[in-house]
Amino acid sequence: MGCDIITISADTKFVHLAWRKSEKELAAVRYPMAADPTGRLARMFGVHDENSGLSLRGTFLINPEGTLLNTEVNFYNLGRNIDELMRKFKANLHMSRKANEACPSKWKDEGDKTLVNPGAKMVGKVHEALAG
Amino acid sequence: MSEAAGGLKLGTRVPDFELETYDPVKDDFGKFRLQDQIAQKRWTALFFYPADFTFV
């Protein structure tokens, strides 16, 4: 089960092509590079910087039903951590299959402890639930 | 500065959108539509970034 990555900036598709072909760091890039030259989509997601006309480093995870499940926005000078993004994707994928489970902060991957049927009985007993 | 964190709320449907793309696999231009992802039951991760030819 995968996730399609789409990168988006205010550059046109022509600039994306030129950048991909000139920058050797991008040689392995296989995802579509999308153009949002008017900033319309960046505004919709709240990451458009009206002062610069550029977009902040926003990451948005959308499930197969089109529902927004995760948002992370970094300022210009902080890169994203792909491990944390993968953790969020895996957790959301897990919970989409097991609706009665919740992934706690230390959940990293399949097989890690989840909180099953979090409810009245677990109030004040999260420590025991995670240890059990 | 900007109103980061977003105009869309978690747990809500993302309005459909379409963007022009450069697809490195096909080495060609194309389009990305959210409704196509939904039709194909695919997860989507959108990565916004400031600009091509920058450094991070």
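**Chain B and its place in a sheet shared with chain A**

The secondary structure of chain B comes to one helix and three strands. The model is predicted.

Me: In what order do the elements of chain B run from the N terminus on?
Reply: Chain B has three strands and one helix to be placed in order. The helix is H1, residues 34-39, and strand S3 covers 43-48, while S1 spans residues 18-23 and S2 spans residues 28-33. From the N terminus on, the order is β-β-α-β.

Me: Which residues of chain B have a pLDDT below 50?
Reply: Chain B averages a pLDDT of 89, and 88% of its residues score at least 70. For the model, ipTM is 0.88 and pTM is 0.89. Where pLDDT is low, the predicted coordinates should not be read in detail. In chain B, the stretch with pLDDT below 50 is residues 1-5.

Me: How many bridges join S1(B) to S2(B), and in which sense do the strands run?
Reply: These two strands form a hairpin with four residues between them. One of the bridges pairs Asp23(B) with Asp28(B). The number of bridges is six, and the sense is antiparallel.

Me: Is Asp27(B), with its positive phi, buried or exposed?
Reply: Most residues other than glycine have a negative phi, and most peptide bonds are trans. Asp27(B) is not a glycine, yet its phi is positive, at about 50°; its place is the loop between S1 and S2 of chain B. A residue counts as exposed if 12 or fewer other C-beta atoms lie within 10 Å of its own. Because Asp27(B) has 10 other C-beta atoms within 10 Å, it is exposed.

Me: Where does Phe53(B), a residue other than glycine with a positive phi, lie, and is Phe53(B) buried or exposed?
Reply: The phi of Phe53(B) is near 60°. Phe53(B) belongs to the segment after S3 of chain B. As Phe53(B) has 10 C-beta neighbours inside 10 Å, its class is exposed.

Me: Which strand of chain A joins S1 of chain B, and through how many bridges?
Reply: Strands of a sheet pair through backbone hydrogen bonds, either parallel or antiparallel. In this pair the strands run antiparallel, and Ala35(A) has Glu20(B) as its bridge partner. The strand of chain A is S2, residues 33-35, and the number of bridges is three.

Me: In which sense do S1 of chain A and S3 of chain B pair?
Reply: The strand of chain A spans residues 3-9, and six bridges link it to S3(B). Among the paired residues are Cys3(A) and its partner Trp43(B). The sense of this pairing is parallel.

Me: Which strands are the edges of the seven-stranded open sheet?
Reply: The order of the sheet is S6(A)-S5(A)-S3(B)-S1(A)-S2(A)-S1(B)-S2(B), with mixed pairing. An edge strand pairs on one side only. At one end, S5(A) and S6(A) run antiparallel over six bridges, with Phe60(A) and Thr71(A) as one of the bridge pairs. The edge strands are S6(A), residues 68-74, and S2(B).

Me: Which helix lies across S2 of chain A together with S1 and S2 of chain B, and at what angle does it run to S1(B)?
Reply: Two helices of chain A lie across strands of both chains. Helix H3, residues 82-97, lies across S1, S5 and S6 of chain A together with S3 of chain B, running at about 20° to S5(A). The helix asked for is H1(A), residues 13-22, at about 25° to S1(B).

Me: Which element gives the largest share of the side of chain B that touches chain A?
Reply: The contact takes 41 residues from chain B and 54 residues from chain A. S1, S2, H1 and S3 of chain B each supply at least two residues of the chain B side. By class, this side has 25 nonpolar, nine polar and seven charged residues. The largest share, six residues, comes from S3(B).

Me: How many residues does the largest nonpolar core have?
Reply: Those with the most contacts inside this core are Ile8(A), Ala34(A), Phe45(A), Phe60(A), Leu19(B) and Phe48(B). Two or more residues each come from S1, S2, H2 and S5 of chain A together with S1 and S3 of chain B. Among the residues that Phe60(A) touches are Phe45(A) and Leu46(B). The size of the core is 22 residues.

Definitions and conventions:
Residues are numbered from 1 along each chain as its sequence is written. Chains are lettered from A and ligands numbered from 1 in the order in which they are written. This is a predicted model: local features need pLDDT of at least 70, side-chain atom pairs count only at pLDDT 80 or more; totals for chains, interfaces and linings use all residues. pLDDT is the predictor's confidence in each residue, from 0 to 100. Two residues are in contact if their C-beta atoms, placed from the backbone, lie within 7 Å. Two strands pair if DSSP finds at least two bridges between them. Ala, Val, Leu, Ile, Met, Phe, Trp, Tyr, Cys and Pro count as nonpolar, Asp, Glu, Lys and Arg as charged, and the others, Gly among them, as polar. A nonpolar core is a set of buried Ala, Val, Leu, Ile, Met, Phe, Trp, Tyr and Cys residues joined through C-beta atoms within 7 Å. A residue is buried if 20 or more other C-beta atoms lie within 10 Å of its own, exposed if 12 or fewer, and partly exposed in between; C-beta atoms are placed from the backbone. Axes are lines fitted to C-alpha atoms, for helices over the stretch in contact, and angles run from 0 to 180 degrees between N-to-C directions. Lists of a residue's contacts leave out its neighbours within four places in sequence.
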